[in-house]
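Here is a short set of exercises to work through with the model open beside you. Try each task on your own, then compare your steps with the worked solution.

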Amino acid sequence: MPPPAITLELRSPQTVDGRRAPYQSLWLLLRLLHGHAQGEAVRLDDLRGRLCEPGALRMAISRAFRDFQRWGIVAGWGEDGTRDPRFLNAAGRSQGPFWLPAAQARRLKPVVDGRRATRAEVAAFLGLKPQRTRATAQPPADAVHLQDAHFWQQLVTAHQAMQQGRLAVSPTAGGEAGGPSALEAMRRAGRLAGSGFQRALVTLNEALLWRRLGDDAEARKRLKSLQRQRLAVQVAGHEYLGAMAAIVAAWCDYAARDLAGAQAQLRAVAEDPAHGPLLRHHPQVRFEWHNLWALACRSQALAMAADTARREAAAAQAEEALRHFDRALAAAFESHAFDAAQHVAANMGMALWLFDRVGLAVDGTRREGEALRRAVQWIAFSEWLCRQAEVQGRSAWNAIYLLRIARGGCATVPHLPLADFRALRPLRMAQAAALAGPLADGFTPAQWPADWVAVARQRLEEHASGRRRYPGLQRASLLFELAWHAAHGGDLREAAAALAALRGELPALPAADRAYFREVWNDALPAELLALEAPPRRAGR
């Protein structure tokens, strides 16, 4: 026999099957029933300020669950809504989220004065806005409602701020702020989120935002929170959220130079029955996956190139990197994501140049100077895309890549005397523009002064003034390039000041990045400059 129905009288004095019921406990039970009808679990944020004062929330939840037991009702808690509530650990109950099994929800019969309560009356009892329904059909639980518009507005505002470089702090123009930062808008969206999917979407975008800010610890915290949310079967968009969460986690591994971990995360996405189709059909997922896989292949190729026994494998990795950059670029253009396209174009250009530096001739670059020409053209194309698509939040990587390429042809030995160092002939900006050919339009005079020192100085001044915000690794790279090119121009004072500023940036960088700067600091700078600014010691790791 099915368990008997339970009558919930909403009019004061409230009762359950004719017996007086504490208001808070009945309210929570109705809120769980309402959440079940909407296909959502009830979270602590749904209860704060409604069930009771925040400081008494834990006690009110415990009392309600004791009343549920007395009424013969079994409710569940935790992210996994498929669990049998009888076997859950009560120690974690106060953290939620809370839900009703379908069999329990079917037993509950809300009434007002003995007649079946309407949806509007249940909403009025809970203090929620009633949802308008049509007489002919009920909308699905995940239907779009007008009240969601403010949420989506804030989410769009956050995405626009990310594209414009307003990540955690709003840059200023002429002393005036340029609108809310992405972090601020994302927090507003989080407060407005009205469904499990919207909350999960905010969490995912927060993880993406912290990853772009270079704070992988915060990004991983958001990923753990998203994992808890996704375990609830009520969250829509489960496959997309899961695939993107895995990709963000892979980015965190890549930033920590854990290439094996990053590729393991990406491989799991490709092999997962739920996520694999997204990799074929969802442009954003496809772009992110192929771009990061290409970067990991690029790193592996460069690491193996110095080992004669592994040269063939290194060449294969280099070719694979270019294939995946190509797929990422196609995915970006498929969805008209020009900001994404400019990133992968720059990555492609730098990969071609790096491969040529270690003797990996790939993709038709065996002819003398061909790799350099194509590398500069891809970076010029990235700059052109930024200008055409009005990507206001452009990164400094294009400038950093060209600054590196410019000095890359200068064969140096450690502690080279200044006179010999200044005799080196780095690539000039005019030469880079000539190599770019028809794509030289990307190098506008406003963004690309004729002197490399001015190029680096301009980006650093943009960050210092607040017009743009560049993450730590980009600032550190600009400072080193400024030091090298200033020293080559004979200005040791500016070069030493740049190195002193770089020293202040190093502690916040990952160990692998600190190791890179220690190496080039010792190997690529003239002796007279090193005498003014001593190289960083390993003890500072």
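The accessible surface of the protein chain comes to about 25,800 Å² in this predicted model, and carbon and sulfur atoms account for 52% of that surface.

**Exercise 1. The whole chain**

Task: Find how many helices and strands the protein chain has, and what percentage of its residues is buried.

Solution.
- Step 1: Start with the secondary structure, which comes to 24 helices and nine strands.
- Step 2: Turn to burial: of the 541 residues in the protein chain, 52% are buried.
- Step 3: Add the contacts. Taking those between residues at least 6 apart in sequence, 63% join residues at least 24 apart.

**Exercise 2. Helix 10 and helix 11**

Task: Work out whether helix 10 and helix 11 are roughly parallel or antiparallel, and list the residues that make their contact.

Solution.
- Step 1: Locate helix 10 at residues 238-255 and helix 11 at residues 259-271.
- Step 2: Read the geometry: the axes are 7 Å apart and the packing angle is about 170°. Angles over 145 degrees count as roughly antiparallel, so helix 10 is roughly antiparallel to helix 11.
- Step 3: Note the hand of the crossing of helix 10 and helix 11, which is left-handed.
- Step 4: List the contact. Helix 10 brings Ala-243, Ala-246, Ile-247, Ala-249, Ala-250, Asp-253 and Tyr-254, while helix 11 brings Leu-259, Gly-261, Ala-262, Gln-265, Leu-266 and Val-269.
- Step 5: Sort the residues of this contact of helix 10 with helix 11 by class: ten are nonpolar, two polar and one charged.

**Exercise 3. Helix 16 and helix 17**

Task: Describe how helix 16 and helix 17 cross, and divide their contact residues into nonpolar, polar and charged.

Solution.
- Step 1: Find helix 16 at residues 370-388 and helix 17 at residues 397-408; their axes come within 10 Å and cross at roughly 160°.
- Step 2: Helix 16 and helix 17 are therefore roughly antiparallel, and their crossing is left-handed.
- Step 3: On the helix 16 side, pick out Leu-372, Ala-375, Val-376, Ile-379, Ser-382 and Glu-383; they meet Asn-398, Tyr-401, Leu-402 and Ile-405 in helix 17.
- Step 4: The contact of helix 16 with helix 17 divides into seven nonpolar, two polar and one charged residue.

**Exercise 4. Helix 21 and helix 22**

Task: Repeat the analysis for helix 21 and helix 22, beginning with the crossing of their axes.

Solution.
- Step 1: For helix 21 (residues 472-488) and helix 22 (residues 492-505), the axes come within 8 Å and cross at roughly 160°.
- Step 2: That makes helix 21 roughly antiparallel to helix 22; the crossing of these two helices is left-handed.
- Step 3: Among the residues of helix 21 in the contact are Leu-479, Phe-480 and Leu-482, and among those of helix 22 are Leu-492, Leu-499 and Leu-502.
- Step 4: By class, the contact of helix 21 with helix 22 has 13 nonpolar, one polar and three charged residues.

**Exercise 5. Trp-210 and His-282**

Task: Decide whether Trp-210 is buried or exposed, then do the same for His-282.

Solution.
- Step 1: Trp-210 lies in helix 8, residues 196-212.
- Step 2: Buried means under 20% relative accessible area, so Trp-210, at 13%, counts as buried.
- Step 3: Leaving out residues up to four places away in sequence, Trp-210 touches Leu-183, Asp-215, Glu-218, Ala-219 and Arg-222. The C-alpha atoms of Trp-210 and Arg-222 are 8.7 Å apart, with their positions twelve residues apart in sequence numbering.
- Step 4: His-282 lies in the loop between helix 12 and helix 13; its relative accessible area of 24% makes His-282 partly exposed.
- Step 5: His-282 and Ser-335 are 53 residues apart in sequence, yet 9.1 Å apart from C-alpha to C-alpha.

**Exercise 6. Backbone details**

Task: Identify the peptide bond that is cis, and say what sign phi has in Asp-17 and Asp-113.

Solution.
- Step 1: Recall that most residues other than glycine have a negative phi, and most peptide bonds are trans.
- Step 2: Ser-12 and Pro-13 are joined by a cis peptide bond, with omega about 0°. Pro-13 lies in the loop between strand 1 and strand 2.
- Step 3: Asp-17, in the loop between strand 2 and strand 3, has a positive phi of about 50°. At 41% relative accessibility, Asp-17 is partly exposed.
- Step 4: Asp-113, in the loop between strand 6 and strand 7, has a positive phi near 55°. With a relative accessible area of 51%, Asp-113 is exposed.

Key
Residues numbered from 1 in each chain as written. Predicted model: local features only at pLDDT ≥ 70, side-chain atom pairs only at ≥ 80, totals over all residues. Heavy atoms only, no water. Helix = DSSP H or I, 4+ residues; strand = E, 2+ residues; numbered from the N terminus. Buried < 20%, exposed > 50% of the residue type's maximum accessible area, 1.4 Å probe, protein only. Contact = heavy atoms within 4.5 Å. Areas by Shrake-Rupley, 256 points an atom, 1.4 Å probe, with all protein chains shown as cover. Axes fitted to C-alpha atoms, helices over the stretch in contact; angles between N-to-C directions. Parallel < 35°, antiparallel > 145°, perpendicular 65-115°, else oblique. Left-handed = near helix turned anticlockwise from the far one by under 90°. Nonpolar A, V, L, I, M, F, W, Y, C, P; charged D, E, K, R; others polar.
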